[in-house]
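Welcome to this short tour. Open your viewer, switch to a cartoon display, and follow along one selection at a time.

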Amino acid sequence: MTPDEKEELREEVIAALQDVYDPEIPVDIYKLGLIYNIDISDTADVAIRMPLTTPYCPAAQSLPDQVKKKTEEIEGVNSAEVEVVFDPPWTTAQMDDAAKLTLNIL
C-alpha cells in the first residue's frame, strides 16, 4: 500500500469507529478518545490500540469485539487486531470538544 492508500484506509477506519458507542455514554468511541492508535500495514492489516473508560468497564469484552468487527467490515481491510491498553489511562481530557459538550463537561 502507498502512504496515500494507508491514509485513505485510516480515514475509513475512523469513520467506521464513529458508529461504535460505549453502551453507557451517548458519544462514539472515537470522539471519546478511546482510540489511541491505528496502524495499517502494507498488507492492509489494521492494528488498533484502545483503552476502556475504566478498568472495570462493563463493555470490556464487547467493545473491542465491536471495534474489530467494524474494522474488518471495511472493504480493503485484510484483518484487524484490537489491543486493550491501560497505559496511559483514559481521561476525559482525551475527548474532543463535541463529546465534552454532549456530556456537559465543557
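Start with the whole protein chain, a predicted model. Colour it by secondary structure and look for 3 helices and 3 strands. In what pattern do they follow one another along the sequence? Tracing the protein chain, you meet them as α-β-β-α-β-α.

Now rotate the view and take in the overall dimensions. The C-alpha trace spans about 40 × 25 × 25 Å along its principal axes. A compact globule of 106 residues would have a radius of gyration near 13 Å, and the protein chain agrees with that because its value is 14 Å. Take the contacts between residues at least 6 apart in sequence: 61% of them join residues at least 24 apart.

Next, turn on the surface. Its accessible area comes to about 6100 Å², and 50% of this belongs to carbon and sulfur atoms. Of the 106 residues in the protein chain, 37% are buried. If you colour by charge, you will find 8 positive and 22 negative side chains. The centres of these two sets lie 3 Å apart.

Hide the surface again and select residues 37-40, which form strand 1. Show the side chains here. In a regular strand, side chains alternate between the two faces of the sheet. Which residues of strand 1 point to the buried face? Ile38 and Ile40 do, and both are buried, while Asn37 and Asp39 point to the other face and are not buried.

Add residues 45-50, and strand 2 appears beside strand 1, paired in the antiparallel sense over 4 bridges. To see one partnership, pick Asn37: its bridge partner in strand 2 is Arg49. The two strands form a hairpin with 4 residues between them. Pause in that turn at Ala44, which has a positive phi of about 65°.

For the last stop, click on Ile48, in strand 2. Is Ile48 buried or exposed? Its relative accessibility is 1%, so Ile48 counts as buried. Show what surrounds this side chain: leaving aside residues up to four places away in sequence, Ile48 touches residues including Val13, Leu17, Ile35, Val67 and Thr71. Asn37 and Ile38, which you met in strand 1, are also among the residues that Ile48 touches. So is Glu81, 33 residues away from Ile48 along the chain, yet with the two C-alpha atoms separated by 6.2 Å.

Terms used. Residues are numbered from 1 along each chain as its sequence is written. This is a predicted model: local features need pLDDT of at least 70, side-chain atom pairs count only at pLDDT 80 or more; totals for chains, interfaces and linings use all residues. Side-chain values use heavy atoms; hydrogens and water are left out. The radius of gyration is taken over C-alpha atoms; the globule rule is 2.2 Å times the number of residues to the power 0.38. Buried means under 20% relative accessible area, exposed over 50%, partly exposed in between (1.4 Å probe, protein chains only). Contact means heavy atoms within 4.5 Å. Accessible areas come from the Shrake-Rupley method with a 1.4 Å probe; for residues, only the protein chains shown count as cover. Lys and Arg count as positive and Asp and Glu as negative; His and the chain ends are not counted. The place of a charge is taken as NZ of Lys, CZ of Arg, CG of Asp or CD of Glu. Two strands pair if DSSP finds at least two bridges between them.
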